[in-house]
Amino acid sequence: MTGATRTTAHSAADDDVSRRLLESSATLSYDPMTEIDWEAPLPEDGYGLNPEWSTLYGTPLWDEMTEAQRVTLTRHEVCSIMSTGIWFEMILQQMILRDQYVHNPANAEFQFALTEIADECRHSIMFARTCAKLDVPAYFPRKDVVEAARVFKSVAGGEVAYGGTLVAEEVLDVMQRDWMRGENVLDIVRTSSKIHVVEESRHMKFARQEIREHMEGISPLRRRASAALIALGASVIVRSLVNYGVYRAAGLDTRRAVEAAANNPHRRSMMRTACAGLMEFLDEAGLLTRPAVAIYRRVHMI
């Protein structure tokens, strides 16, 4: 089911979307190696992300923390999100390559797919260098999640693959639009966020178009199954964004911090806001079924 092929032929309209995205890539792309001043010193009071996006913001524990702890926490949180981004971008690249396997290389769709992969490689290196600059260790999802993802990336295809892609891109996009404007956020994070937002906007358009194309003429059973699989993947992605190790790095009691973050109404509200556009599209595409909604509600995406 997840590896099912398209039920409709690739249309001229679909190719036109990809062609416009290719033109946009040629005129508006960035090289992180030259756009970011990697040698600039980091101000001690610079946050890793807007405090409002911290998992503990708005809790009594946040009020108890020193300013130095808040700075440290947000730097580790943003690097945890970036590390998760690298992990998922590697999954994404493999899924796109499989989806485009033996497709006509003359098609704009095929060429933009490879362009997206090249973008993702640059983004991953940019995130990796940012974390190294902040002197934050690599954070990874839980081992069971990593192993389950090996299966997912090997079998997911069609609307499931592009749906999982869209979830990760949309959620991070909303966050980074705030980070790139945050006056108290480190310049290195603001610039890397701007680069990612600009280039990922094309990737999201591509993913949405691919989902629409794959959804044409599919059976009700496949639609319901795909909706559930995308929702399950989304819940894993959202839960994996911030590693529990970030709380230990900030000198906090990990158990108390995890509990505070899990029950933080402000965090839940921010997550719902970040997912509003995504949920609207999934509903339009017929992928917001009742079981899927139940999964999204458990992780406060809706």
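Here are some short exercises with worked solutions on the structure above, which is a predicted model.

## Exercise 1: Placing Ser54

Find where Ser54 sits along the chain, decide whether Ser54 is buried or exposed, and list what Ser54 touches.

**Solution.**

Step 1. Start with the helices on either side. Ser54 belongs to the loop that runs between helix H2 (32-35) and helix H3 (60-64).

Step 2. Now look at accessibility. The relative accessibility of Ser54 is 0%. Buried means under 20% relative accessible area, so Ser54 counts as buried.

Step 3. Next, collect the neighbours. Leaving out residues up to four places away in sequence, Ser54 touches Leu49, Trp62, Leu73, Thr74 and Glu77.

Step 4. Finally, pick out the polar contact. The side chains of Ser54 and Glu77 are joined by a polar contact of 3.0 Å.

## Exercise 2: Describing the cavity

Work out how many cavities of 30 Å³ or more the whole structure holds, and describe the lining of the largest cavity.

**Solution.**

Step 1. Count first. A search of the whole structure turns up 1 cavity of 30 Å³ or more. The volume of the largest cavity is about 190 Å³.

Step 2. Look at the residues around it. The lining of the largest cavity has 15 residues, and those nearest the centre are Gly85, Phe88, Ala168, Glu169 and Leu172.

Step 3. Trace the lining back to its helices. At least two lining residues come from each of helix H4 (67-99), helix H7 (158-179) and helix H8 (187-215). The most come from H4, which gives 6 residues.

Step 4. Sort the lining by character. The lining of the largest cavity has 8 nonpolar, 3 polar and 4 charged residues.

## Exercise 3: Following the salt bridges

Find how many salt bridges the whole structure has, then examine the pairs made by Arg142, Arg181 and Arg190.

**Solution.**

Step 1. Begin with the principle. Side chains of opposite charge can pair when their charged atoms come close. A search of the whole structure gives 13 salt bridges.

Step 2. Take Arg142. The side chain of Arg142 meets that of Asp144 in a salt bridge, at 2.9 Å from N to O. Arg142 is exposed because its relative accessible area is 55%, while Asp144, at 45%, is partly exposed.

Step 3. Move on to Arg181. Arg181 and Asp178 form a salt bridge in which the closest N and O atoms are 3.5 Å apart. Arg181 has a relative accessible area of 54% and is exposed; Asp178 has 28% and is partly exposed.

Step 4. Turn to Arg190. Its side chain forms a salt bridge with that of Asp187, at 4.0 Å from N to O. Asp187 and Arg190 are 3 residues apart in helix H8, so about one helical turn separates them. Asp187 counts as exposed at 57% relative accessibility, whereas Arg190 is partly exposed with a relative accessible area of 26%.

Step 5. Look beyond pairs. Asp119, Arg122 and Glu199 are linked in a network of salt bridges.

## Exercise 4: Exploring helix H9 and the largest pocket

Describe the lining of the largest pocket, and then locate Arg224 and Gly233.

**Solution.**

Step 1. Begin with volume and lining. The largest pocket has a volume of about 710 Å³. Its lining is made of 26 residues, with Val238, Arg239, Ser240, Val242 and Tyr244 lying nearest the centre.

Step 2. Identify the helices. H9, helix H11 (254-262) and helix H12 (265-284) each contribute at least two residues to the lining of the largest pocket. H9 gives the most, with 6 residues.

Step 3. Sort the pocket lining. Its residues divide into 15 nonpolar, 6 polar and 5 charged.

Step 4. Find Arg224. Arg224 is part of helix H9 (residues 220-240), and its 44% relative accessibility makes Arg224 partly exposed. Along the chain, Arg224 and Gly286 are 62 residues apart, yet their C-alpha atoms are separated by 8.6 Å.

Step 5. Find Gly233. Gly233 also lies in helix H9, and with a relative accessible area of 22% Gly233 is partly exposed. Between the C-alpha atoms of Gly233 and Thr165 there are 9.5 Å, with the two residues 68 places apart along the chain.

How values were computed
Residues numbered from 1 in each chain as written. Predicted model: local features only at pLDDT ≥ 70, side-chain atom pairs only at ≥ 80, totals over all residues. Heavy atoms only, no water. Helix = DSSP H or I, 4+ residues; strand = E, 2+ residues; numbered from the N terminus. Buried < 20%, exposed > 50% of the residue type's maximum accessible area, 1.4 Å probe, protein only. Polar contact = N/O pair within 3.5 Å; in protein donor to acceptor, adjacent residues only side chain to side chain. Contact = heavy atoms within 4.5 Å. 1 Å grid on protein atoms, 1.4 Å probe; cavity = no way out; pocket = protein on both sides within 12 Å on 5 of 7 lines; lining within 4 Å. Points joined across faces, edges and corners; volume = space filled by probe spheres on them. Nonpolar A, V, L, I, M, F, W, Y, C, P; charged D, E, K, R; others polar.
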